[in-house]
Amino acid sequence: MIKLSKPNIGQHEVDAVTSVLMSGNLVYGACGQHFEEKLKEFTCSTNVKLVSSGTAALHLALLALDIGPGDAVIVPDFTFPATINTVLLTGATPIIADVELSTYSISWPNILDIYQNWKGKERIKAVIIVHEFGYPCNMTEITEAAKELGIKIIEDAACALGAKHNGRQVGTFGDIGCFSFHPRKTVTTGEGGAVVTESDKLAEKVSILRNHGINQSQKGNTFVQAGFNYRLSDIQAAIGIVQLEKLPAAIDSRTQLVAQYIQNFRGNHKIVCPSLVDGHSWQTFMVRLQHGVNRDSLIQGLKNLDIESNFGAHSLSSLKYCSHYKNGSASILNGPELYLQGLALPLCENYSHQEISKITDAVSTLLESI
Ligand SMILES: *Cc1c(COP(=O)(O)O)cnc(C)c1O
């Protein structure tokens with residue numbers, strides 16, 4: 001079976017974990033701090049706080065910005081549901097915004113439109129920008145718009161570590177950025193995540209909230225509020241340090257494999273390939289199938305040929321418990337379209353050109369009969 005993706009774990013990760021296990025310190029400690037330093041260097045950001053998942057990162061980012069009941073947060077329709085779940089968990093009201101077909105992101109005119117036409121009694125306090133599949137959103141435009149409106153930006157860069165806009169790591173443009181180290185992401189620690197921010201104040205809030213509400217100072221540890229245990233263990237951090245070193249080469253290899261996918265699909269008008277943009281980190285390769293093509297039969301057909309494929313991401317407005325979080329009667333069309341006609345195909349730095357050709361041949365042949 002060619003899997004959608006495979007974590008790229010080798011002997012170095014095994015050795016790093018063994019050494020933590022033998023050290024006697026398993027919870028967040030020296031390794032965690034070391035991984036945070038490495039991530040600071042890699043992302044060129046002032047503060048990095050490791051947490052237990054990308055979802056924990058989003059939850060703490062929202063709480064650090066004091067988002068809760070009475071506040072509204074704009075979220076894109078096409079994403080992984082943790083983006084909206086964390087907003088709901090704070091007690092705030094999400095507003096689902098449609099995305100562009102080519103960038104999977106909310107365009108800045110759409111943010112403006114929602115802001116101006118919002119009739120709810122909650123105050124729009126923030127927007128969550130998702131760099132879906134590693135596509136770097138145009139943060140120049142978005143940060144300008146948000147500044148003008150006086151709203152905060154949270155970047156859900158869960159699947160975009162290594163993606164860059166104008167040469168700068170995504171996740172570092174907004175007030176606060178979130179990364180995930182789930183095994184489906186290019187850098188994995190099994191489960192894990194990180195929050196990045198330029199603000200020392202926000203970083204300190206995250207630091208306290210991830211660790212039971214404990215404020216650590218020279219005078220000692222004091223419980224100052226109700227907090228979570230959202231820490232990453234040193235066992236996981238040890239894996240992350242090794243994984244991060246492999247990231248640049250992984251992105252290069254993924255970029256080459258994507259170029260081959262696009263080359264092999266050229267001329268097939270049943271397939272719309274993703275837009276190319278500088279700085280894409282290609283966590284996932286998703287194509288969009290032309291209307292009328294039954295995506296789910298194609299997934300089944302590929303499965304019969306030992307090739308794993310899947311839909312790309314969810315449409316939040318299509319989920320029952322989220323469908324009413326809309327901006328009045330504004331229609332949401334592109335997100336559902338991407339959800340229904342999107343096909344994520346196997347991509348991983350270790351796959352060969354032969355494997356990609358096997359996949360594209362299979363897709364092309366199946367499409368003739370579907
Ligand atoms: C993976 C992902 C998350 C969740 O991250 P976890 O580490 O699995 O909690 C959130 N948002 C997006 C866009 C993701 O791709």
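**Figure 1. Helix H7 and what its buried side packs against.** In this predicted model, helix H7 spans residues 200–210, and its buried residues are Leu202, Ala203, Val206, Ser207, Ile208, Leu209 and Arg210. Buried here means under 20% relative accessible area, exposed means over 50%, and partly exposed is in between (1.4 Å probe, protein chains only). Helices (H or I, at least four residues) and strands (E, at least two) are DSSP runs, numbered from the N terminus. The buried residues of H7 pack against two helices, H2 (30–43) and H3 (54–64), and against strands E1 (47–51), E9 (176–180), E10 (193–197) and E11 (214–217). Contact means heavy atoms within 4.5 Å. At the N-terminal end, serine 199 acts as the cap of H7, with a side-chain oxygen 3.3 Å from the backbone nitrogen of lysine 201. Polar contacts like this are pairs of N or O atoms within 3.5 Å; within protein, one must be able to donate a hydrogen and the other to accept it, and residues adjacent in sequence count only if both atoms are side-chain atoms. After H7 comes histidine 212, with a positive phi near 65°.

A word on the model: residues are numbered from 1 along each chain as its sequence is written, and side-chain values use heavy atoms, leaving out hydrogens and water. Since this is a prediction, local features need pLDDT of at least 70 and side-chain atom pairs count only at pLDDT 80 or more, while totals for chains, interfaces and linings use all residues.

**Figure 2. An open sheet of 7 strands.** Read across the sheet, the strand order is E1-E10-E9-E6-E5-E2-E4, with mixed pairing. E1 and strand E4 (93–97) sit at the edges with a single partner strand each, so one side of each has no neighbour in the sheet. On average, neighbouring strands are turned by 25° against each other, direction ignored. Axes are lines fitted to C-alpha atoms, for helices over the stretch in contact, and angles run from 0 to 180 degrees between N-to-C directions. Two strands count as paired if DSSP finds at least two bridges between them. Zoom in on strand E2 (residues 71–76) and strand E5 (residues 123–130), and you find parallel pairing over 4 bridges. Isoleucine 74 has valine 127 in E5 as its bridge partner.

**Figure 3. Two helices on the sheet.** H3 lies across E1, E2, E5, strand E6 (152–156), E9 and E10, and runs at about 165° to E9. H7 also packs on the sheet, where it touches E1, E9 and E10, and its direction makes about 15° with that of E1.

**Figure 4. Salt bridges, including two from H7.** The whole structure has 7 salt bridges, each being a side-chain nitrogen of Lys or Arg within 4 Å of a carboxyl oxygen of Asp or Glu. One of them joins glutamate 36 and arginine 210, at 3.0 Å from N to O. Since glutamate 36 belongs to helix H2 and arginine 210 to helix H7, this pair ties together parts that are 174 residues apart in sequence. Both glutamate 36 and arginine 210 are buried. Lysine 205 pairs with aspartate 66, and their closest N and O atoms are 3.1 Å apart. Lysine 205 is in helix H7 and aspartate 66 in the loop between H3 and E2, 139 residues apart. Lysine 205 is partly exposed, at 24% relative accessibility.

**Figure 5. A salt bridge between E2 and E5.** The side chains of aspartate 71 and lysine 125 form a salt bridge, 3.5 Å from N to O. This pair links strand E2, home of aspartate 71, to strand E5, home of lysine 125, across 54 residues. Aspartate 71 is buried at 9% relative accessible area, and lysine 125 is buried at 18%.

**Figure 6. Around the ligand.** There are 16 residues around the ligand, and those coming nearest are Gly54, Thr55, Asp156, Ser180 and Lys185. The cut-off for being near is a heavy atom within 4 Å. Glycine 54 places a backbone N or O atom 2.7 Å from a ligand oxygen. The side chain of threonine 55 has an N or O atom 2.5 Å from an oxygen atom of the ligand. For aspartate 156, a side-chain N or O atom is 2.8 Å from a ligand nitrogen.

**Figure 7. Serine 53 in its loop.** Serine 53 is found in the loop between E1 and H3 and is buried, with a relative accessible area of 18%. A polar atom of the serine 53 side chain lies 2.9 Å from the backbone nitrogen of alanine 56. Beyond its neighbours within four places in sequence, serine 53 is in contact with Gly192 and Gly193.
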